[in-house]
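Work through the exercises below with the structure in view, and try each task before reading its solution.

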Amino acid sequence: MKAIRRFTVRPVLPEPLQPLSDLARNLRWSWHTETRELFESVDPAGWRAAGADPVRLLGGVSAARLTELAADPAFLDRLTAAAADLDTYLRGARWYQEHGGDTGGARAADGAEGGASGGAELPAAIGYFSPEFGVTAALPQYSGGLGILAGDHLKAASDLGVPLIGVGLLYRHGYFRQSLSRDGWQQEQYPVLDPNELPLTLLREVDGTAARVSLALPGHRTLRACVWQAHVGRVPLLLLDSDVEENGPGEREVTDRLYGGGSEHRLLQEMLLGIGGVRALRTYCRLTGHPAPEVFHTNEGHAGFLGLERIRELVSTPADALSGTGSGAAMGFEAALEAVRAGTVFTTHTPVPAGIDRFDRGLVARHFGDDGELPGVPVERVLGLGMESYPGGEGNLFNMAVMGLRLAQRANGVSTLHGAVSRRMFAGLWPGFDPEEVPIVSVTNGVHAPTWTAPEVARLGARPHGTGEPDPAGLPDFAATPAAALWDVRRALRGQLVTEVRRRLHASWRLRGAEDAELGWIDGVLDPDVLTIGFARRVPSYKRLTLMLRDRDRLTELLLHPERPIQIVVAGKAHPADDGGKRLVRELVRFSDDPRVRHRIVFLPDYGMGMAQKLYPGCDVWLNNPLRPLEACGTSGMKAALNGCLNLSVLDGWWDEWFEPDFGWAIPTADTGTADENRRDDLEANALYELIEDRVAPRFYDRGDSTAGGLPDRWIEMVRRTLVTLGPKVLAGRMVREYVERLYAPAARAHRSLDPGRAAELAAWKYRTRTLWPYVSVDHVEAVAATGAGGSTELGSTLTLRVGVGLGELRPDDVEVQAVAGRVGSDDALVDARAFPLKPAGGPDLDGRWVYEGPLALDRTGPYGYTVRVLPAHPLLATSADLGLVALPTEATGEGAGVLLR
């Protein structure tokens with residue numbers, strides 16, 4: 001018999017235990033070991049049963065146990081210390097405040113959306129929008145790497161004192177729970193999540209009623225949502241929930257599942273995230289007094305509609321009204337677009353067009369305008385921001401990433417290689433520019449060390465002053481740790497993983513229909529002394545879950561090697577609609593079910609944060625074998641590295657950037673385009689087998705001089721180098737500092753510089769420049785160089801350029817004329833080119849032509865060439881490629897504009 005309604009009866013904590021409630025409601029406990037250990041001591045069995053969730057734990061503790069704890073002086077001392085530590089963490093100045101951030105001052109009215117923070121260089125607040133957040137397993141609102149990255153971003157921002165406000169959706173069914181059928185086919189279950197049982201509080205108006213945001217839908221319908229708050233250390237996270245009684249059945253289901261439903265369902269989710277998210281953020285700031293964001297960060301295209309809502313605010317509301325002061329006129333669309341772009345950062349996380357949400361033009365048009373949302377914004381302008389109006393684009397599709405890029409003045413990929421891939425993928429938005437000049441930079445992802453470093457590893461690397469405290473940067477110090485101590489911890493973590501695997505494997509087989517009497521063999525699964533390789537991630541085809549199965553006989557030989565065996569732990573979820581991914585899971589499961597190898601290779605269903613926190617520390621080697629260059633970053637290997645696990649990976653994502661032989665091994669790839677897909681997989685699988693057989697396993701099992709304790713000295717030194725040298729690079733703190741310094745601070749300055757008048761001026765200048773650009777031309781190029789015998793030019797000499805440029809009705813102040821020079825290939829394409837500005841030297845002549853001159857230093861030997869170009873120039877442009885306009889010499893201009901030397 002099932003209940004028709006479910007609710008939670010909460011215990012009343014005795015007065016001495018009241019701080020437990022505050023500790024449980026702030027998710028800092030998820031990365032603060034001492035607080036977790038405090039909760040575990042409340043009821044160790046209950047803690048395990050609650051999945052290490054303090055809210056669930058406190059909901060099930062008996063009144064007798066609470067009374068006992070309230071009279072326990074030792075427990076109360078620990079509780080007082082934990083509460084005081086949290087208070088210091090929340091209130092004290094941190095990195096951001098020490099570097100000029102002012103997050104508590106009064107708001108000035110000199111900006112388009114809330115003004116500057118007392119003249120501080122850093123933004124008063126940043127709105128961070130993401131479709132998913134993986135903060136803790138106790139708040140299951142994530143599917144994979146994007147959500148885990150977003151959660152780590154919030155946690156690192158909190159540790160650094162960065163005034164971020166996270167904005168997302170609350171999915172009542174979260175992402176699916178994975179199990180397996182008897183024959184290994186993935187099955188999905190969607191648990192019902194009650195927000196009252198989660199570490200959340202409802203955002204309420206002053207009168208106590210639940211705060212609401214609403215969106216207008218076609219057919220005079222309304223989509224309403226309440227707003228739940230999670231406290232991620234110092235960072236508030238706002239989650240919009242459409243499951244409210246005022247909504248109709250269809251609207252209530254908008255936030256039912258993460259990445260579920262058809263196109264219209266996804267569109268409504270993304271409208272609620274972007275448009276509703278901005279409205280929720282405004283409501284939160286009004287109710288709490290939190291400074292209004294000066295910078296908005298769109299984490300992937302799903303949240304791109306936030307820019308449209310901010311444009312609507314500005315075209316329908318006096319700009320300074322958003323800061324609560326003054327009066328003024330509403331802005332026009334173009335001026336509002338410039339104001340919004342100035343303060344927006346867009347991060348792309350996908351290296352493949354198939355990973356981007358694209359909607360039918362008609363579907364989007366139906367949801368905007370007079371019978372939908374943003375009535376003050378013309379529908380054609382909305383559509384124009386997302387249409388693929390470039391060579392190779394599909395004219396009837398609305399592309400969320402394209403809109404995100406057009407609405408942001410600053411954009412980035414998530415690794416150096418991914419930045420280059422993104423510049424090529426989106427080059428059509430900046431016609432006339434080489435991919436290297438497309439204004440998409442890269443900030444390589446990082447991971448939150450206190451979340452992902454096992455306590456045993458953190459304690460091992462405690463700083464030598466004896467306090468046991470980790471390094472303030474978030475990473476322990478292992479330089480002086482004895483080799484034997486490192487090895488002992490690594491073996492202990494491997495043993496813990498073996499225990500965890502056996503427990504999970506037993507539970508999985510019971511769900512698959514097996515009886516306990518059939519499962520005695522599980523007690524012999526894995527060995528704490530065998531080289532352990534981990535592989536866990538989502539299961540799209542490009543990540544190649546089954547590459548290891550390419551030659552099953554050879555894999556079996558590696559698993560069962562009499563002297564140097566390996567064992568492999570695999571986990572991963574396929575998207576519920578991806579039958580191809582499910583077939584890959586079944587293929588791996590069936591192989592791992594084989595009685596010959598099932599003690600050496602296992603597949604664990606329901607991969608999530610809880611499993612990952614055991615898996616990363618317990619593995620010796622982390623395997624990653626995607627199709628290069630389709631891995632944007634891939635942070636699982638970073639988390640493994642923080643625990644001394646070595647990486648064995650294709651040179652893709654972050655590994656392409658930071659690989660060194662001291663940190664692991666690079667799998668050779670056949671990505672030149674000459675091999676078909678099957679041959680490429682064969683070649684790369686063979687390379688993987690050879691690396692494991694010839695280099696990885698021998699190094700692990702080489703125990704050196706038995707008189708020295710039989711330790712694998714070279715392996716341990718690789719572990720040490722990984723912890724000491726690679727560890728600091730992969731930290732989320734490093735990542736967030738880069739965002740602050742390279743993207744947030746410049747965006748805040750740009751935002752402050754564009755008051756309504758200057759925004760209108762910039763919009764008018766852009767319109768005039770675009771209109772008159774067809775009349776800009778490079779008409780003549782002269783080059784004079786000192787030449788030696790045989791017409792050669794010597795290194796160190798100077799070339800003098802004299803260029804005639806037609807500007808039409810534009811003036812020299814509207815443009816920049818550049819010489820672009822570098823080495824040339826056989827096709828005369830410039831390589832490693834650099835730009836040199838040329839200065840006006842006269843004009844206009846009778847034909848309206850201006851003359852520009854300048855020197856070009858010849859600082860490289862070998863084939864060398866140059867060209868000349870004209871670009872728009874304005875003090876408020878973030879980059880000269882902003883407008884996607886460039887004028888280049890034509891063939892008729894003369895050979896002086898081509899290759900200089902051979």
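**Exercise 1.** In this predicted model, determine which handedness the crossing of α11 and α12 has, and then describe how the two helices are arranged and which residues meet.

*Solution.* Start with the crossing itself, in which α11 passes α12 in a right-handed manner. Next take the axes: those of helix α11 (residues 306–316) and helix α12 (residues 333–342) come within 9 Å and cross at roughly 130°. An angle that is neither over 145 degrees nor within 65 to 115 nor under 35 counts as oblique, and therefore α11 is oblique to α12. Then look at the contact, where Gly307, Arg310, Ile311, Leu314 and Val315 in α11 meet Phe333, Ala336, Leu337, Ala339 and Val340 in α12. Sorted by character, the residues of this contact divide into eight nonpolar, one polar and one charged.

**Exercise 2.** Classify the aromatic pair of Phe305 and Phe398 as well as that of Trp665 and Trp715, and state which parts of the chain each pair ties together.

*Solution.* The count of aromatic pairs comes to 19. Phe305 and Phe398 are 6.1 Å apart centre to centre with 15° between the planes, and since planes under 30 degrees apart count as stacked, this pair is stacked. Phe305 lies in the loop between β9 (295–299) and α11, whereas Phe398 lies in strand β12 (residues 397–399), so the pair ties together parts that are 93 residues apart in sequence. Both Phe305 and Phe398 are buried.

Trp665 and Trp715 form a tilted pair, with 5.7 Å centre to centre and 35° between the planes. Because Trp665 belongs to strand β20 (residues 664–667) and Trp715 to helix α26 (residues 713–726), the pair ties together parts that are 50 residues apart in sequence. Trp665 and Trp715 are both buried, and together with Trp487, Phe700 and Tyr701 they form one aromatic cluster.

Methods:
Residues are numbered from 1 along each chain as its sequence is written. This is a predicted model: local features need pLDDT of at least 70, side-chain atom pairs count only at pLDDT 80 or more; totals for chains, interfaces and linings use all residues. Side-chain values use heavy atoms; hydrogens and water are left out. Axes are lines fitted to C-alpha atoms, for helices over the stretch in contact, and angles run from 0 to 180 degrees between N-to-C directions. Helices (H or I, at least four residues) and strands (E, at least two) are DSSP runs, numbered from the N terminus. A crossing is left-handed if the near helix is turned anticlockwise from the far one by less than a right angle, and right-handed if clockwise. Contact means heavy atoms within 4.5 Å. Ala, Val, Leu, Ile, Met, Phe, Trp, Tyr, Cys and Pro count as nonpolar, Asp, Glu, Lys and Arg as charged, and the others, Gly among them, as polar. Rings of Phe, Tyr and Trp (its six-membered ring) pair if their centres lie within 6.5 Å; planes under 30 degrees apart count as stacked, over 60 as edge-to-face and the rest as tilted. Buried means under 20% relative accessible area, exposed over 50%, partly exposed in between (1.4 Å probe, protein chains only).
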